[in-house]
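Here are some exercises to work through with the model open beside you. Try each task before you read its solution.

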Amino acid sequence: MNGTLEAIFKRRAVKVFEPVEISEGIREQILNAARHAPSSFNMQPYRFYWIGTPKKKTAVAKLCLGQVPAETASALVVAVADIGSLAATSQSQLEWMRSRSEFSEAKIRDYERTAKIGRMLFMPGPFGIFGAVKWGVFWLLNVWKVMGMPPVSRQDLFKWATKSTSLACENLLIAAEVLGIHTCPMEGFDGRRLLKYLGLSARYHEIVVVIAMGKKSRTWVEPPQWRRPLDATVSIL
Ligand SMILES: Cc1cc2nc3c(=O)[nH]c(=O)nc-3n(C[C@H](O)[C@H](O)[C@H](O)COP(=O)(O)O)c2cc1C
């Protein structure tokens, strides 16, 4: 079977790990795989925190409600949806485009303009006032025109960022599996305390998932894997 498919079918949420060191090389490959995932408007609205030092791991595992996968992991990766990074990301892409010969001045100006409009469209504004106005305008436009709805509230923005973050997380899980590292994604954590521990603000950051990483323990008995049948999950139209 194709190696990627094999990793997808082999990956399990491992609940007990044994202590191993994850080398810097492996760590880099796993994180690189995560950031190569597709993202909405290529905005990559996330940040991964790799927690590998024993003291910090213990603190974060406690905030993951002391779950066994967190307590026994060799590293914990906190995946954060970051809606405060948009301006910096488009600026960074702009600089990258300017440094390369394949982008004409017109193309760069075009990107600059689109990024500016995008940022304005995505801004909820103070007290969500701009968001409410946007919602009204787009709702009216949608009555006579086929169109998508931009995120209007901060909550919408987090939902938008979470989609791209989740895709990056799946890349991370599969890359880890290919490289012989087992994982357990966890949403059992105290989000408020974990944000505070990482020095992040709830205004711009939301923790999507914490991923425990390591080598599965020989004591861990893998339960059979159940999935809904294909026809319960898929509609072929
Ligand atoms: C978003 C999400 C949150 C999860 N949260 C936890 C968790 O907090 N603790 C845990 O032990 N497993 C957690 N899991 C793992 C699931 O229990 C596991 O993926 C599911 O039972 C299917 O098992 P499999 O991944 O081995 O096929 C989570 C998985 C996902 C995708």
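**Exercise 1. Find the backbone partners of the ligand's nitrogen and oxygen atoms, then state how much of the ligand the protein covers.**

Step 1. Start with oxygen: one oxygen atom of the ligand lies 3.0 Å from a polar backbone atom of Gly188. This counts as a polar contact (a pair of N or O atoms within 3.5 Å; within protein, one must be able to donate a hydrogen and the other to accept it, and residues adjacent in sequence count only if both atoms are side-chain atoms).

Step 2. Turn to nitrogen: a ligand nitrogen is 3.0 Å from a polar backbone atom of Glu187, and a ligand nitrogen is 3.0 Å from a polar backbone atom of Pro185.

Step 3. On its own the ligand has 630 Å² of accessible area, and the protein covers 63% of it. Such areas come from the Shrake-Rupley method with a 1.4 Å probe.

A word on the source: this is a predicted model, where local features need pLDDT of at least 70 and side-chain atom pairs count only at pLDDT 80 or more, while totals for chains, interfaces and linings use all residues. Residues are numbered from 1 along each chain as its sequence is written, and side-chain values use heavy atoms, leaving out hydrogens and water.

**Exercise 2. Sort the shell around the ligand by class.**

Step 1. List residues near the ligand (one heavy atom within 4 Å). Among them are Arg11, Arg12, Lys15, Cys184, Met186 and Arg227.

Step 2. Apply the classes: Ala, Val, Leu, Ile, Met, Phe, Trp, Tyr, Cys and Pro are nonpolar, Asp, Glu, Lys and Arg charged, and the others, Gly among them, polar. The shell gives 4 nonpolar, 3 polar and 5 charged residues.

**Exercise 3. How are helices α5 and α6 oriented to each other?**

Step 1. Locate α5 at residues 86-98 and α6 at residues 105-122. Helices here are DSSP runs (H or I, at least four residues), numbered from the N terminus.

Step 2. Their axes are 10 Å apart, at an angle of about 175 degrees. Axes are lines fitted to C-alpha atoms over the stretch in contact, and angles run from 0 to 180 degrees between N-to-C directions.

Step 3. α5 and α6 are therefore roughly antiparallel, the word for angles over 145 degrees.

Step 4. The contact (heavy atoms within 4.5 Å) includes Leu86 and Leu94 of α5 and Tyr111 and Phe122 of α6. By class it has 8 nonpolar, 2 polar and 4 charged residues.

Definitions and conventions. Near = heavy atom within 4 Å. Helix = DSSP H or I, 4+ residues; strand = E, 2+ residues; numbered from the N terminus. Parallel < 35°, antiparallel > 145°, perpendicular 65-115°, else oblique.
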